[in-house]
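These are my notebook entries on a structure that I had not examined before. I set down what I looked up, entry by entry.

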Amino acid sequence: MNDAIDNGAPFNMLGLDHVVLRIRDLEKMKAFYMDVLGCTFVDHDPDNDLFQVRAGSALIDLVPISGKMGSAGGPPPGKDGHNMDHFAIQIEPYDDDAIREYLSAHGVELGETRIRGGAEGEGPAIYIKDPEGNTVELKGPADPAYDVFAGKPFEMGRDSLS
């Protein structure tokens, strides 16, 4: 299905390809993304000190700030400086109680569960923190029962209910 808006660009957006996180502790981040969230190993590029994992169809690149590539981006992420606001990983099925129990057992800092918009529509999401404080949204499947914009043209925008 192609929902692209014809803006004259010579391309269509297909989805999230990858996210690059500048990190302090590669071992903690590998354990979180692979062992806790279930991402799979893709590649390690020792020349750039880049470790890559797959999250569904997208990639997450973990780049230590002590390496060549990571040090080029300035200070590390922390309380007063972040690489981004958050990124979202689509997950299914979405069982909030089971997700919370599982993540709590792994010591993951849990945020609130809310109905949030995403690439495929409105649906449940929980916000968590990775070991270095990056906010990760675990986004459940879109549910038309929550989507007040279902069947309405995109041009109406998210701030109009008429």
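**Entry 1. Helix H1.** I began with helix H1, residues 26-36, where Leu26, Met29, Phe32, Tyr33 and Val36 are buried. I note at the outset that the model is a predicted one. At the N-terminal end of H1 I found a cap: a side-chain oxygen of Asp25 lies 3.2 Å from the backbone nitrogen of Glu27. After the helix comes Gly38, and its phi is positive, near 90 degrees.

I then looked at the charged side chains of H1. Glu27 forms a salt bridge with Lys30, with 3.4 Å between the closest N and O atoms. Both residues belong to H1 and stand three residues apart, about one turn of the helix. An α-helix has 3.6 residues a turn, so residues three or four places apart point the same way. Glu27 counts as exposed because its relative accessibility is 51%, and the cut-off for exposed is over 50%.

**Entry 2. The core.** Next I asked which residues have the most contacts inside the largest nonpolar core. The core has 24 residues, and those with the most contacts inside it are Leu21, Tyr33, Ile60, Leu62, Phe87 and Ile128. At least two residues each come from S1, H1, S3, S4, strand S5 (86-90), helix H3 (96-105), S7 and S8. H1 gives the most to this core, with five residues.

**Entry 3. Strand S4.** I turned to strand S4, residues 58-64. Seven of its seven residues are buried, so the strand is largely enclosed by the rest of the structure. Ala58, Ile60, Leu62 and Pro64 point one way from S4, while Leu59, Asp61 and Val63 point the other way; all are buried.

I looked up the pairing partners of S4 as well. Strand S1 (residues 18-23) pairs with S4 in the parallel sense over six bridges. Strand S3 (residues 50-55) pairs with S4 in the antiparallel sense over five bridges. The hairpin of S3 and S4 has two residues between the strands, and Gly56 there takes a positive phi near 65 degrees.

**Entry 4. Asp61.** Within S4 I singled out Asp61. Its bridge partner in S1 is Val20, and Gln52 stands opposite Asp61 as well. What is the nearest side chain of opposite charge to Asp61? It is Arg54, at 9.1 Å; Asp61 is buried yet has no salt bridge. The contacts of Asp61, leaving out residues up to four places away in sequence, are His18, Val19, Val20, Leu21, Leu50, Phe51 and Gln52.

**Entry 5. The S2 and S3 hairpin.** I followed S3 to its other neighbour. Strand S2 (residues 40-45) and S3 pair in the antiparallel sense over five bridges, and Asp43 stands opposite Gln52 in S3. The hairpin of S2 and S3 has four residues between the strands. Asp49 lies in this loop, with a positive phi of about 50 degrees although it is not a glycine. Asp49 counts as partly exposed because its relative accessible area is 23%. Most residues other than glycine have a negative phi, and most peptide bonds are trans.

The second part of that rule led me to another backbone entry. The peptide bond from Glu92 to Pro93 is cis, with omega near 0 degrees. Pro93 is placed in the loop between S5 and H3.

**Entry 6. Glu132.** I looked up a second buried acidic residue. Glu132 lies in the loop between strand S7 (123-129) and strand S8 (135-139). Glu132 is buried yet has no salt bridge, and the nearest side chain of opposite charge, Arg24, is 4.5 Å away. The backbone of Arg24 comes into the picture too: its nitrogen lies 2.5 Å from a polar atom of the Glu132 side chain. Residues up to four places away in sequence aside, Glu132 touches Arg22, Ile23, Arg24, Asp25, Met29 and Pro77.

**Entry 7. Salt bridges.** How many salt bridges are there? The count comes to three, and the pair Glu27 and Lys30 is one of them. Asp96 forms a salt bridge with Arg100, the closest N and O atoms being 3.2 Å apart. These two lie in helix H3, four residues apart, about one turn of the helix. Arg100 is partly exposed, at 22% relative accessible area. Glu112 forms a salt bridge with Arg114, where the closest N and O atoms are 2.8 Å apart. Glu112 is partly exposed at 46% relative accessible area, and Arg114 is partly exposed at 31%.

Key:
Residues numbered from 1 in each chain as written. Predicted model: local features only at pLDDT ≥ 70, side-chain atom pairs only at ≥ 80, totals over all residues. Heavy atoms only, no water. Buried < 20%, exposed > 50% of the residue type's maximum accessible area, 1.4 Å probe, protein only. Lys, Arg positive; Asp, Glu negative; His and termini not counted. Salt bridge = Lys/Arg side-chain N within 4 Å of Asp/Glu carboxyl O. Polar contact = N/O pair within 3.5 Å; in protein donor to acceptor, adjacent residues only side chain to side chain. Contact = heavy atoms within 4.5 Å. Pairing = 2+ DSSP bridges. Core = buried A, V, L, I, M, F, W, Y, C linked by side-chain atoms within 4.5 Å.
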